[in-house]
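I opened a new structure today and kept notes as I went. The entries are in the order in which I looked things up.

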Amino acid sequence: MAPRDRDEPAPVVLRWVAGAIDLALLSAFGNVTGLTVLAVADARWGGAAVGLGLAVMATTAAGYFAVGEGRWGMTLGKLAVGVRVVGADGRPPGTRRALVRFVARVAGTVALGAGWWPLLGGSEGRPRRAWHDAVAGTHAIRWAPWRQAPGPAARGGGR
């Protein structure tokens with residue numbers, strides 16, 4: 001499954017910057033929801049409330065990536081830096097594949113970042129993919145919707 005010829009792979013640095021933005025957003029939102037659940041549940045369940053709070057935070061993160069990448073091919077972090085996740089057909093992968101991608105990304109990151117190592121090396125001319133992209137059958141590409149495609153108006157031939 002190779003990306004379409006016109007799709008330029010997203011540089012690792014852009015992917016990590018997008019990840020940092022997403023992490024900041026998820027930390028803020030996840031902490032608020034997780035701490036709220038913890039405060040409410042602590043009165044009823046005691047120590048089990050910590051597990052419930054962590055489950056809410058993990059579910060929030062999984063939903064954020066599964067819906068964002070699955071439906072639109074991007075999260076807010078990817079939108080900010082111009083990265084899009086696509087399948088071999090160039091379309092967003094769908095929520096199931098995006099959820100698989102999320103789980104594989106977490107596993108590859110927890111394993112001392114080994115899931116990212118394939119991006120750091122590799123031969124020229126051969127697309128390099130992180131574990132989560134290989135497992136989910138996806139590609140992270142550069143995406144710049146704000147750039148105007150050359151057309152009649154751009155060439156001075158419009159109305």
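The entries below go from the whole chain to single residues.

**Entry 1: the whole chain**

I note at the start that this is a predicted model. I counted the elements first and found 6 helices and 2 strands in the protein chain. Read along the sequence, they come in the pattern α-α-α-β-α-α-α-β. I then looked up burial: 36% of the 159 residues are buried. The accessible surface of the chain comes to about 9,700 Å². Carbon and sulfur atoms account for 64% of that surface. For contacts, I took pairs of residues at least 6 apart in sequence; 62% of these join residues at least 24 apart.

**Entry 2: helix H2**

I checked the length of H2 against its residue count. At 1.5 Å a residue, its 25 residues should span 36 Å, and the end C-alpha atoms are indeed 36 Å apart, so the two values agree. Next I asked which residues of H2 are buried. The list includes Ala49, Gly53, Thr60, Ala61 and Ala62. Further along H2, Phe65, Ala66, Gly68, Glu69 and Gly70 are buried as well. Just after the helix, I found Gly73 with a positive phi of about 80°.

**Entry 3: Thr75**

Where does Thr75 sit? I found Thr75 in the loop between helix H2 (48-72) and helix H3 (76-81). I then looked up whether Thr75 is buried or exposed. Its relative accessibility is 4%, so Thr75 counts as buried. Leaving aside neighbours within four places in sequence, Thr75 is in contact with Asp22, Tyr64, Phe65 and Glu69. With Asp22 there is also a polar contact between the side chains, at 2.5 Å. Two of the other partners, Phe65 and Glu69, were already on my list of buried residues in H2.

**Entry 4: salt bridges around Glu69**

I went on to the charged residues. Side chains of opposite charge can pair when their charged atoms come close. I counted 6 salt bridges. One of them joins the side chains of Lys78 and Glu69, at 2.8 Å from N to O. Both of these residues are buried. Glu69 has a relative accessible area of 0%.

Glu69 forms a salt bridge with Arg105 too, and here the closest N and O atoms are 3.6 Å apart. Arg105 lies in helix H4 (residues 95-110) and Glu69 in helix H2, so this pair ties together parts that are 36 residues apart in sequence. Arg105 is buried, at 11% relative accessible area.

**Entry 5: Asp133 and Arg101**

I looked up another salt bridge, in which the side chains of Asp133 and Arg101 meet at 2.7 Å, N to O. Asp133 lies in helix H6 (residues 131-136) and Arg101 in helix H4, so the pair ties together parts that are 32 residues apart in sequence. Asp133 counts as buried at 1% relative accessibility. Arg101 is buried too, with a relative accessible area of 1%.

Which residues are linked in a network of salt bridges? I noted Arg15, Glu69, Lys78, Arg101, Arg105 and Asp133.

**Entry 6: a nonpolar patch**

I turned to the surface. Val13, Val17, Ile21, Leu25, Leu76 and Leu79 form a nonpolar patch there, with about 480 Å² of accessible area together. Helix H1 (12-45) and H3 each supply at least two of its residues. H1 gives the most, with 4 residues. An α-helix has 3.6 residues a turn, so residues three or four places apart point the same way. I picked Val17, which is in helix H1, for a closer look. At 38% relative accessibility, Val17 counts as partly exposed.

**Entry 7: Asp89**

My last lookup was Asp89, which is in the loop between strand S1 (83-86) and H4. Asp89 is partly exposed, with a relative accessible area of 48%. Its side chain reaches the backbone nitrogen of Arg91 at 3.0 Å. I also looked up Thr138, 49 residues from Asp89 along the chain, and found their C-alpha atoms separated by 9.6 Å.

Note on methods: Residues numbered from 1 in each chain as written. Predicted model: local features only at pLDDT ≥ 70, side-chain atom pairs only at ≥ 80, totals over all residues. Heavy atoms only, no water. Buried < 20%, exposed > 50% of the residue type's maximum accessible area, 1.4 Å probe, protein only. Polar contact = N/O pair within 3.5 Å; in protein donor to acceptor, adjacent residues only side chain to side chain. Contact = heavy atoms within 4.5 Å. Expected span 1.5 Å × (residues − 1). Patch = residues over 30% accessible without salt bridge, like charges linked within 9 Å, V, L, I, M, F, W, Y side chains within 5 Å. Areas by Shrake-Rupley, 256 points an atom, 1.4 Å probe, with all protein chains shown as cover. Salt bridge = Lys/Arg side-chain N within 4 Å of Asp/Glu carboxyl O.
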